[in-house]
Amino acid sequence: MATAVQKITLSSARDIPFNKLVLSQSNIRRVKAGVSIEDLAASIARRGLIQSLHVRPVLDGKGEETGMFEVPAGGRRYRALEMLVKQKRLNKSAPAPCVVGATDSGILMEEISLAENDERVPAHPLDQYRAFQAMREKGMTEEDIAAAFFVDVNVVKQRLRLASVSPVLLDIYAEDGMELKLLMAFTVSQDHARQEQVWETIRNSWQKEPYHIRRMLTETTVRASDKRAVFVGIDAYEAAGGVVMRDLFESDDGGWLQDVGLLDQLVSEKLTMIADEIATHGWKWVEAAVSIPYGVAHGLREIKGVPLDIAAEEKATRDALQEELDRLTTEYEDADELPDEVDTRLGEIEAAIDALDNRPVRYDPEDIAIAGVFVSIDADGSLAVDRGYVRPEDERPVEAADESVPEDDVDPETGEIRTPAVQRTVITIGGQPVQTEEEDEDDGLKPLPERLVIELTAHRTLALRDAVATNPQVALTMLLHKLVSDTFRHTAPTGCLEAWVKHLYLSGQSEEMKASPSAQSENARHESWGDHVPADDQALWDWLEQLDDGTRLDLLAHCVSFGINALFERPNPHAASGISRHGLDVRLAQADRLARATGMDMAAAGWKPTVGNYLGRVTKTRILEAVREGAGERAAQLIDHMKKGDMAKEAERLLADTGWLPEPLRMASLDGDQPIEREKVDAGEDAALPDFLTEDGEDDDAAGEDEQALMAAE
């Protein structure tokens with residue numbers, strides 16, 4: 001005979017006036033945790049009591065019910081209701097929904113209290129994200145949701161962003177197949193297909209780090225801190241329909257601009273507008289570009305303007321600023337650390353003084369008519385305007401020297417021509433001519449690209465110049481070596497010192513060279529000498545005679561340094577122009593000897609491998625070779641699975657402080673002064689090229705682009 005299953009009887013539920021309830025001493029909660037009593041009271045006031053209280057009748061000494069009930073489970077809800085009663089927001093006799101347990105059940109109240117807390121399971125975070133999303137879709141604003149759950153609105157934005165990730169990735173996260181920090185990284189992009197593609201790439205990789213995911217999702221974008229973005233402005237970019245990708249979980253420096261083509265278009269339009277405005281002042285040409293290459297002004301004559309006098313009001317302002325600067329400097333000169341407000345104020349004062357000292361310049365109208373202007377964007381995104389350069393072909397013939405611009409057409413303050421009547425300003429943007437409105441109405445291991453080798457050796461040439469300029473004895477030896485060779489060895493090749501002295505201009509090189517320590521040192525030294533060198537020939541002779549030997553040697557070293565040529569060139573054995581194979585070997589050998597004599601080292605001179613100057617322009621095999629040599633085999637293994645773009649960026653980080661140099665920047669080892677035995681370089685056969693120019697590999701397109709850039713530069 002079957003045994004009947006005993007049925008469970010649930011405790012009854014009923015409403016009990018709140019003033020009939022008391023908190024049980026058997027409630028296990030002693031430590032504050034979770035939502036505060038204040039927030040819980042606010043939640044009850046907004047939504048009502050969502051979960052009933054569990055109570056038991058209070059018995060007297062005879063075991064009879066007294067009409068009062070104690071609360072062993074639900075103590076925090078009880079305290080929240082008690083707070084609402086004290087605030088006069090709830091009647092003290094208001095009925096409270098309760099589940100009434102039997103006094104004779106045999107279950108301790110402590111067990112009831114512990115079970116209620118221990119068996120409670122919080123919602124999965126994804127459930128919260130989706131709940132926030134559902135509330136917003138049904139009309140609640142982000143601010144409403146934040147107010148309803150007593151959190152900051154940014155927390156709501158973050159949760160909503162997490163809920164917007166690809167459903168495929170959300171399901172993986174729900175099944176604990178992905179950490180929260182990885183899901184947060186995927187929120188950078190709103191492209192679900194791209195998110196899933198990145199996940200498939202890294203899911204089985206050991207390198208599942210948030211920064212790696214963010215890098216892959218933003219590899220085709222431009223940072224908001226990029227000088228182009230700062231120049232145009234994020235508001236203008238978004239007003240034109242551009243999308244900014246933001247990271248709500250990490251500092252992102254303003255995010256990433258997704259539409260690079262639109263950004264470049266806006267940059268071009270703004271530069272064109274600025275160039276058009278400058279052209280109205282009568283300049284013969286305006287050349288505008290995002291970056292003006294280092295050395296572009298070499299060979300051009302720079303006209304000198306006259307700074308305008310400072311007005312009395314401006315002078316008074318400057319004096320007051322200087323007085324305040326001196327006072328603050330004296331007051332805090334012994335302080336270990338400046339207060340933030342004082343530090344900020346000192347920066348403001350210095351900036352204001354610099355602005356007042358940087359006086360507007362007045363140019364001769366006749367010079368403006370034959371000179372031009374370079375317009376570019378500085379590293380901080382500000383506009384850089386460099387006025388007053390005359391090209392050789394624009395120099396006035398002697399017979400035209402008496403021609404002048406009518407006085408009525410000249411701005412009395414700047415000297416710029418208001419209405420040029422004869423010529424139209426030639427404007428170029430990024431090297432391409434821009435038509436005016438009037439004209440529109442009328443109409444394995446791959447060889448290092450040759451252009452890259454030329455750029456690298458240009459860096460080395462500049463560093464050698466700086467080293468020689470600061471070593472007068474080496475400069476004197478080099479000059480004598482050249483002069484004696486020319487006098488007694490009539491068949492000696494030119495070598496690496498073009499001395500007569502013939503100034504070698506490093507035009508057409510990358511903008512990075514302009515900011516290099518060698519370039520800055522050379523420019524500063526040249527400007528310091530230029531302030532003292534007389535313009536008259538006889539005065540120059542007299543001035544030189546009066547200099548002491550040390551100063552004369554310093555000046556000699558500076559002048560000799562401009563003739564140093566350590567550039568790689570493709571040998572041309574069939575033509576009278578160019579350099580022969582023997583001549584190139586001698587040039588590079590002498591450059592190495594000169595580097596040793598001056599103690600010059602390219603790493604110490606500030607050159608580091610970056611994506612722009614090397615790593616992004618060579619094959620993956622060469623990138624790995626560089627990391628292996630500079631940072632070790634283990635470091636190379638860490639990146640050997642990456643795509644080229646990511647590999648180049650990571651390699652830049654790994655090699656940053658290693659002092660690694662590519663072969664064209666290294667000194668060849670040699671015994672004595674024998675010429676360096678370098679591999680042959682020939683235009684016709686790869687077998688005649690040095691190793692760093694001959695190995696086959698991928699990225700043929702990159703090499704082709706570099707060759708086209710070289711042809712364009714030439």
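**Group meeting: sheets, cores and two buried residues**

I will begin with a single residue, L182, which is buried with a relative accessible area of 3%. Please keep in mind throughout that this is a predicted model. L182 lies in helix α8, which covers residues 180-186, and, leaving aside residues up to four places away in sequence, L182 touches W199, K208, E209, P210 and I213. If we take I213 from that list, it sits 31 residues from L182 along the chain, and yet the C-alpha atoms of L182 and I213 are separated by 7.6 Å.

A second residue of this kind is T221, found in the loop between α10 (210-217) and β6 (222-223). Is T221 buried or exposed? Its relative accessible area is 15%, and since buried means under 20%, T221 is therefore counted as buried. The side chain of T221 reaches the backbone oxygen of T218 at 2.6 Å, while its contacts beyond four places in sequence are with M245, W256, L257, Q258 and V260.

Let me turn now to the sheets, and to the general point that strands of a sheet pair through backbone hydrogen bonds, in either the parallel or the antiparallel sense. One open sheet has five strands in the order β1-β5-β3-β4-β2, and its pairing is mixed. The strands at its edges are β1 (12-17) and β2 (21-23), and because each has a single partner strand, one side of each is left without a neighbour in the sheet. From one strand to the next, the twist averages 50 degrees. The partner of β2 is β4 (residues 65-73), the two being paired in the parallel sense over three bridges, and in β4 it is E70 that serves as the bridge partner of V22. Helix α2 (residues 75-86) packs on this sheet, where it touches β2, β3 (53-59) and β4, and its direction makes about 120 degrees with that of β2. Helix α3, residues 109-118, lies across β3 and β4 and runs at about 40 degrees to β4.

Further along the chain, strand β13 (residues 372-377) deserves a slower look, for it is mostly covered, with six of its six residues buried. Which residues point each way from β13? G372, F374 and S376 point one way, V373, V375 and I377 point the other way, and all are buried. Strand β9 (residues 285-288) pairs with β13 in the parallel sense over four bridges, with F374 of β13 as the bridge partner of E287. By contrast, β13 and β14 (residues 383-390) pair in the antiparallel sense over six bridges, and here S376 stands opposite A384 of β14. In the hairpin that these two strands form, five residues lie between the strands, and G381 takes a positive phi near 90 degrees.

I will finish with the nonpolar cores. In soluble globular proteins, nonpolar side chains tend to be buried together. The largest nonpolar core here has 54 residues, and those that touch the most other members are L464, L594, Y614, V627 and I639. Several helices each supply at least two residues of this core, including α19 (472-488), α23 (549-561), α24 (581-598) and α25 (620-631), but the largest share, 10 residues, comes from α18. Y614 itself touches L448, L452, L456, W607, R622, W660 and P662, again not counting residues up to four places away in sequence. Apart from this largest core lies another, of 31 residues, with A279, I368, A371 and I429 among them.

Notes: Residues are numbered from 1 along each chain as its sequence is written. This is a predicted model: local features need pLDDT of at least 70, side-chain atom pairs count only at pLDDT 80 or more; totals for chains, interfaces and linings use all residues. Side-chain values use heavy atoms; hydrogens and water are left out. Buried means under 20% relative accessible area, exposed over 50%, partly exposed in between (1.4 Å probe, protein chains only). Contact means heavy atoms within 4.5 Å. Two strands pair if DSSP finds at least two bridges between them. Axes are lines fitted to C-alpha atoms, for helices over the stretch in contact, and angles run from 0 to 180 degrees between N-to-C directions. A polar contact is a pair of N or O atoms within 3.5 Å; within protein, one must be able to donate a hydrogen and the other to accept it, and residues adjacent in sequence count only if both atoms are side-chain atoms. A nonpolar core is a set of buried Ala, Val, Leu, Ile, Met, Phe, Trp, Tyr and Cys residues joined through side-chain atoms within 4.5 Å.
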